Amino acid sequence: MSRQERRRVTDVGTLKAFGHPLRLKLYGTLKIRRTATASQLADEVDEAVSLVSYHLRKLAEHGLIEEAPAAQRGDGRERWWTPAQETLSFSSNDFEDTPEGAAALSATTRTLHEQHANLLQAWNEHRPAWSPEWRTAADSSDFLARYTADELKALTEELHAVIRTHEQRAKAAEETGATEGRENVLLYMNAFPFRSL
């Protein structure tokens with residue numbers, strides 16, 4: 001199977017498979033590592049290899065991960081996995097019309113928010129250990145403005161385009177061997193309406 005650049009999950013079965021807390025953690029870890037075996041992932045998430053293997057197979061059944069190409073594998077004694085797409089997304093529009101879909105969306109989103117909050121907390125706790133350059137480059141901001149729904153949609157589409165441009169630039173540089181000083185960076189964005197705090 002050839003790796004997709006972007007995939008939008010639109011069916012409840014796949015969203016439920018993806019939304020399991022351990023599977024989200026495994027998928028996120030695999031996305032960072034790019035390729036890994038069940039044994040390697042089990043060490044990282046502190047779970048039994050048999051349990052990790054089971055959940056990896058479930059992710060693969062829904063086309064979320066796949067076997068890594070031969071060039072990316074180790075010695076070949078174990079199955080190597082890789083995400084089946086560069087970017088995975090889902091939209092509330094595809095799931096809110098049924099109770100099962102709305103529940104799966106809510107559970108998946110809640111778990112993702114918890115995992116992102118844990119990563120942010122870990123950054124805050126370990127910030128002093130990072131170099132001044134990384135501490136200065138990191139950002140935590142919030143902005144408040146009054147928009148229409150169309151204006152907010154236009155803003156998020158524009159921000160996504162800017163982020164994709166920078167992702168492609170960084171990926172191209174890394175592919176030419178510019179790996180020094182490069183770290184995994186999580187850019188997590190929320191944009192939503194509210195009426196009171």
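Here is a short conversation about a predicted model, its packing, its sheet and its charged pairs.

Reader: Hello! What should I know about the model before we start, and how are residues numbered?

Author: Welcome! This is a predicted model, in which local features need pLDDT of at least 70, side-chain atom pairs count only at pLDDT 80 or more, and totals for chains, interfaces and linings use all residues. Side-chain values use heavy atoms, with hydrogens and water left out, and residues are numbered along each chain as its sequence is written, from 1.

Reader: Is helix 1 mostly covered or mostly open, and how many of its residues are buried?

Author: Helices here are DSSP runs of H or I with at least four residues, strands are runs of E with at least two, and both are numbered from the N terminus. Buried means under 20% relative accessible area, exposed means over 50%, and partly exposed is in between (1.4 Å probe, protein chains only). Helix 1 covers residues 12-19 and is mostly covered. Among its buried residues are Leu15 and Phe18, and the buried count is six of eight.

Reader: Which residues form one aromatic cluster with Phe18?

Author: Rings of Phe, Tyr and Trp (its six-membered ring) pair if their centres lie within 6.5 Å; planes under 30 degrees apart count as stacked, over 60 as edge-to-face and the rest as tilted. The rings of Phe18 and Tyr27 have centres 5.3 Å apart and planes at 85°, so they are edge-to-face. Phe18 and Phe90 are also edge-to-face, because their planes stand at 65° with the centres 6.4 Å apart. The cluster partners of Phe18 are Tyr27 and Phe90.

Reader: Which helix gives the most to the largest nonpolar core?

Author: A nonpolar core is a set of buried Ala, Val, Leu, Ile, Met, Phe, Trp, Tyr and Cys residues joined through side-chain atoms within 4.5 Å. The largest one has 25 residues, and Leu26 and Ile65 are among those with the most contacts inside it. Five of its residues come from the element that gives the most, helix 2.

Reader: In what order do the three strands of the open sheet stand?

Author: Two strands pair if DSSP finds at least two bridges between them. Strand 2 (36-37) and strand 3 (65-67) each have a single partner strand, so they stand at the edges. Two bridges join strand 2 to strand 4 (residues 80-83), where Ala36 stands opposite Trp81. The pairing is antiparallel and the order is 2-4-3.

Reader: Which residue meets Arg8 in a salt bridge?

Author: A salt bridge is a side-chain nitrogen of Lys or Arg within 4 Å of a carboxyl oxygen of Asp or Glu. Arg8 lies in strand 1, and its partner lies in the loop between strand 5 and helix 5, 86 residues apart. Arg8 is partly exposed at 45% relative accessible area, and the partner, at 2.8 Å (N to O), is Asp94.

Reader: Which helix holds both Glu157 and Lys153?

Author: These two form a salt bridge with their closest N and O atoms 3.1 Å apart. Glu157 is partly exposed, with a relative accessible area of 44%, while Lys153 counts as exposed at 51%. They are four residues apart, about one turn, and both lie in helix 7.
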